[in-house]
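Student: Could you take me closely through a single part of this structure, the metal site, and then relate that part to the packing and the unusual backbone positions elsewhere in the chain?

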Amino acid sequence: MLRLAAVKPLTQVRERTEELERASLSTWATLAVESKGRDRYEEPDPLRTAFQRDRDRITHSKAFRRLKDKTQVFIRAGDHYRVRLTHTLEVAQIGRTMARGLRLNEDLVEAIALGHDLGHTPFGHAGEEALSVFTTEPFRHNEQSVRIVERLERGGRGLNLTWEVRDGILNHPWAMPEPATAEGQVVRLADRIAYLNHDLDDAFRAGVLDVDDVPVEVRLSLGETTSQRITTMVTDVIANCLDRPVVALSPGINDLQHLLRDFLFERVYLRPESNAERDRAIHCLRSITVFYLENPERLPLEFRGDAPLIERVCDYVSGMTDGYALAEFARLFLPTN
Ligand code: MG
């Protein structure tokens, strides 16, 4: 006769993880069990903490999949350049290393990191510039990321994420108030460490910069290679913040970070040679936007709701991948034969 072993309630898996968090994480860590919760109550998951569940929801979202074909800096430059998805994964990796070192909540860091750029337009920041002429407030990708997780995903129901994940996503740009959690602050810093280093690496790849162009102080103190520079910065954050309620680079490395950032703005992001490509991207997105403002009945069904037209058009256009936007432009404005 078959005898079944007694099965322990699966909720013990999640509860054990929550106990481990309480026992092992720093005083300044955010415990999943102490989350401020979701806008709509849900029964806890038997296996995963609230933050693990948020991370998984983001990974399974449509907006996350679209990141694979959204420009980071170099527009459709080739298979070895960063796109928004690989940038996102690099932010998550750097953030998780910092969180582990500082005994912060790695799951919360990962969830915020994977979600932070969901609202990015096609063609990088040129897309924000393109849409901002139509909106009363400048179009900001971080606000759009929150709109996606709160209102647009899952047929308009949103992902119903915890407050801490949404706070970290909203406040990841440095122009915003400081994120409320230490984990949100980790992602904000990891985002900057990631992009400074990978944009520099892609600038070498594109022939826009030569290794010798990098300020000598940066090469001497941060390192000669991408790997060395990331290691220096991540190690510095952990050494600087061990057992302290701050998330920051030490003053000396922070000065070098600013030097590298100023250098990248001058020589890469704002270089005159990139203007022509940026202007073409802006022309493409503005043309599509004007078309749908004038022909709202041509919007896909999911964007024909009750929200103001400009919001629905921005939701549609900002959600496009680079490839989709180019195909849409061709479909609307170019002769087919
Ligand atoms: Mg980012």
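Tutor: What follows begins at the metal site and then moves outward to the loops, the cores and the aromatic residues. The model is a predicted one, and the description below should be read with that in mind.

The magnesium ion has as its protein donors His-87 and His-116, each through NE2, together with Asp-117 and Asp-191, each through an OD atom, and these donors lie 2.2 to 2.4 Å from the ion. Along the chain the donors follow the spacing H-x28-H-D-x73-D. The site therefore links distant parts of the chain, since His-87 belongs to helix α4 and Asp-191 to helix α9 (residues 182-205), with the two positions 104 residues apart in sequence. Both of these donors fall under the 20% limit for a buried residue: His-87 is buried because its relative accessible area is 1%, and Asp-191 is likewise counted as buried because its relative accessibility is 10%.

Helix α4, which spans residues 84-102, also holds Ala-92. Ala-92 counts as buried because its relative accessibility is 6%. If neighbours within four places in sequence are left aside, the contacts of Ala-92 are with Ala-113 and Leu-114. By way of contrast in position, the C-alpha atom of Ala-92 is separated by 36 Å from that of Tyr-292, a residue 200 places away along the chain.

Helix α9 leads on to the nonpolar packing, and here a general tendency is worth recalling. In soluble globular proteins, nonpolar side chains tend to be buried together. In this model the largest nonpolar core has 63 residues, and the members that touch the most other members are Ile-58, Ile-94, Met-98, Leu-118, Val-165, Val-237 and Leu-260. The element that gives the most to this core is α9, with 11 residues. A further core of 23 residues lies apart from it, and among its members are Ile-75, Leu-131, Leu-299 and Ala-325. As for Leu-260 in the largest core, its contacts beyond four places in sequence are with Leu-196, Leu-200, Val-218 and Leu-222.

A loop residue, Thr-30, offers a polar counterpart to this packing. Thr-30 is placed in the loop between α1 (11-24) and α2 (50-59), and it counts as buried because its relative accessibility is 14%. The side chain of Thr-30 makes a polar contact of 2.7 Å with the side chain of Glu-183. Glu-183 also appears among the residues that Thr-30 contacts beyond four places in sequence, alongside Phe-51, Asn-105, Leu-108, Glu-164 and Thr-181.

Two other loop residues deserve attention for their backbone angles. Most residues other than glycine have a negative phi. Phe-123, however, has a positive phi of about 60° although it is not a glycine; it is found in the loop between α5 (106-115) and α6 (125-132), and it counts as buried because its relative accessibility is 4%. Asn-160, also a residue other than glycine, has a positive phi near 55°; its place is the loop between α7 (141-152) and α8 (163-170), and it counts as buried because its relative accessibility is 6%.

The aromatic residues complete the picture, with 8 aromatic pairs found in a search of the whole structure. The rings of Phe-74 and Tyr-81 have centres 5.7 Å apart and planes at 50°, so this pair is tilted. Phe-74 and Tyr-81 are both buried. Phe-291 and Phe-333 form an edge-to-face pair, at 6.2 Å centre to centre and with 90° between the planes. Because Phe-291 lies in helix α13 (residues 275-294) and Phe-333 in helix α15 (residues 322-333), the pair ties together parts that are 42 residues apart in sequence. Phe-291 counts as buried because its relative accessibility is 15%, whereas Phe-333, at 35%, counts as partly exposed. Both rings belong to one aromatic cluster, which also includes Tyr-292, Phe-303, Tyr-316, Tyr-324 and Phe-329.

Charged groups also sit over aromatic rings. The charged end of Arg-205 sits over the ring of Tyr-81, 6.0 Å from the ring centre, and the charged end of Lys-36 sits over the ring of Trp-163, 3.9 Å from the centre of that ring.

Technical notes. Residues numbered from 1 in each chain as written. Predicted model: local features only at pLDDT ≥ 70, side-chain atom pairs only at ≥ 80, totals over all residues. Heavy atoms only, no water. Helix = DSSP H or I, 4+ residues; strand = E, 2+ residues; numbered from the N terminus. Buried < 20%, exposed > 50% of the residue type's maximum accessible area, 1.4 Å probe, protein only. Contact = heavy atoms within 4.5 Å. Polar contact = N/O pair within 3.5 Å; in protein donor to acceptor, adjacent residues only side chain to side chain. Donors = N, O, S within 2.8 Å, 3.2 Å for Na, K, Ca; no water. Core = buried A, V, L, I, M, F, W, Y, C linked by side-chain atoms within 4.5 Å. Phe/Tyr/Trp six-rings, centres within 6.5 Å; stacked < 30°, edge-to-face > 60°. Lys NZ or Arg CZ within 6 Å of the ring centre and 35° of its normal.
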